[in-house]
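Please take the sequence and the three-dimensional structure together, and let the explanation below lead you from one part of the fold to the next.

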Amino acid sequence: MNPPKRIAVLGTGDAVIPDAPVPVPIAAAAGAGFAPELVDVPGVVFPGTPEARQSCATAYLRAGLAAERDGFDALYINTVGDYGLQALREQAEIPVTGSGEGSIQRTGGRPFAIVTIWPPALRFIYDHVLADAKAAERCRAIHHLSADPDLATLGEPDDFVQDMKSCSLSSMARIRAACRVALQEQGAEVILLGCTCMQPVADLLRREQLPVIEAMTAGYLHLETMLAA
């Protein structure tokens, strides 16, 4: 019997129980024959500017190459921003994908819209991902659920990210409304949740028959498909 394929999960995706060996959604989704393991990304910063995004890319590149040296069979960039993906593709000799590219692949070629908790000031992150995945023409819209000034509240106990993760009534109402506009008025056939931190709301939306793709799990499963090919 062959040993399981070791997959380095680069970063928590903000969905991990403290001291857990791998983010919980990924652990639950992992197939037989695959062994995802959480790998820290030293030096990562908040990607609030194009320059900070490049710093993130450098941090993920270093962490990914170190994981390859440690004997992992594949690399998973656990953020929709796919930081360092292209550089890792060029330098690593093992398969690599990210939450952004991987979840776009799971749309099956259908037109989609991105609904994200992040504000318009971070639009450049999605533009990078769409361009690298050659999917800009299929993206019918990007809906930002927060405003640029909200970034100043990050880290506060009740900031807009924590409000969303708690599935509050107001947050869920905004997410549903954005999904329905994209599906009913903008030509999208599926909704890509634009941050791995939005994982808690995915099942609630699916129960309402909204066709959503949760990026953390979908991107990870795409990597398992790559390894199985």
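The paragraphs that follow go through the sheets, the helices that pack on them, and the residues in the cores.

The model shown here is predicted, and a good place to begin is its sheets. Four strands, in the order S2-S1-S3-S4, form an open sheet in which the pairing is parallel. Strand S2, residues 34-39, and strand S4, residues 96-98, each have a single partner strand and stand at the edges, so one side of each is left without a neighbour in the sheet. The neighbouring strands of this sheet are also turned against each other, by 25° on average when direction is ignored. In general, the strands of a sheet pair through backbone hydrogen bonds, and this can happen in a parallel or an antiparallel way. For one pairing in detail, look at strand S3, residues 74-77, which runs parallel to S4 and is joined to it by three bridges; here Ile77 has Gly98 of S4 as its bridge partner.

A further open sheet of four strands, again with parallel pairing, has the order S6-S5-S7-S8. In this sheet S6 and S8 are the strands at the edges, and since each has a single partner strand, one side of each is left without a neighbour in the sheet. Here too the average turn between neighbouring strands is 25°, direction ignored. Strand S5, residues 112-116, and strand S6, residues 139-144, pair in the parallel sense over five bridges, and in S6 it is Ala141 that is the bridge partner of Ala113. To get from S5 to S6 the chain passes through helix H5, residues 123-132, and this β-α-β crossover is right-handed. Helix H5 lies across both S5 and S6, and its direction runs at about 155° to that of S6. S5 also pairs with S7 in the parallel sense, over four bridges, and Phe112 stands opposite Val190 in S7.

Which helix lies across strands S1, S2, S3 and S4? Helix H9, residues 215-228, does so, running at about 160° to S3. Helix H9 packs on the other sheet as well, where it touches S7 and S8, and its direction makes about 75° with that of S8.

From the sheets we can turn to the interior. In soluble globular proteins, nonpolar side chains tend to be buried together. The largest nonpolar core of this model has 65 residues, and those with the most contacts inside it are Leu10, Phe112, Ile175 and Met198. Helix H2, residues 50-69, supplies the largest share of this core, with eight residues. Apart from this core lies another, of 12 residues, among them Val22, Ile26, Tyr220 and Leu227. To see the surroundings of one residue of the largest core, follow Met198, which touches Val115, Thr116, Ile117, Leu145, Met164, Ile175 and Leu193 when residues up to four places away in sequence are not counted.

Helix H8, residues 199-207, shows how burial can be arranged around a helix, for Val201, Ala202 and Leu205 are buried there. They cover an arc of only 120° around the axis, which puts them on the same side of H8. The elements that cover these buried residues include helices H6 and H7 and strands S7 and S8. Just after H8, Gln209 takes a positive phi of about 65°.

Two single residues can close the tour, and the question to ask of each is whether it is buried or exposed. Ile26 lies in helix H1, residues 24-29, and because its relative accessible area is 0%, under the 20% limit, Ile26 counts as buried. Leaving out residues up to four places away in sequence, Ile26 touches Val9, Pro36, Tyr76, Asn78, Met216 and Tyr220. Val44, by contrast, lies in the loop between S2 and H2, and its relative accessible area of 41% falls between the limits of 20% and 50%, so Val44 is partly exposed. Beyond its neighbours within four places in sequence, Val44 is in contact with Cys56, Ala59 and Tyr60. The C-alpha atoms of Val44 and Ala215, which are 171 residues apart along the chain, are separated by 20 Å.

Key: Residues numbered from 1 in each chain as written. Predicted model: local features only at pLDDT ≥ 70, side-chain atom pairs only at ≥ 80, totals over all residues. Heavy atoms only, no water. Core = buried A, V, L, I, M, F, W, Y, C linked by side-chain atoms within 4.5 Å. Buried < 20%, exposed > 50% of the residue type's maximum accessible area, 1.4 Å probe, protein only. Helix = DSSP H or I, 4+ residues; strand = E, 2+ residues; numbered from the N terminus. Contact = heavy atoms within 4.5 Å. Arc of directions from axis to C-beta. Pairing = 2+ DSSP bridges. Axes fitted to C-alpha atoms, helices over the stretch in contact; angles between N-to-C directions. Right-handed = clockwise from strand over helix to strand, strands pointing away.
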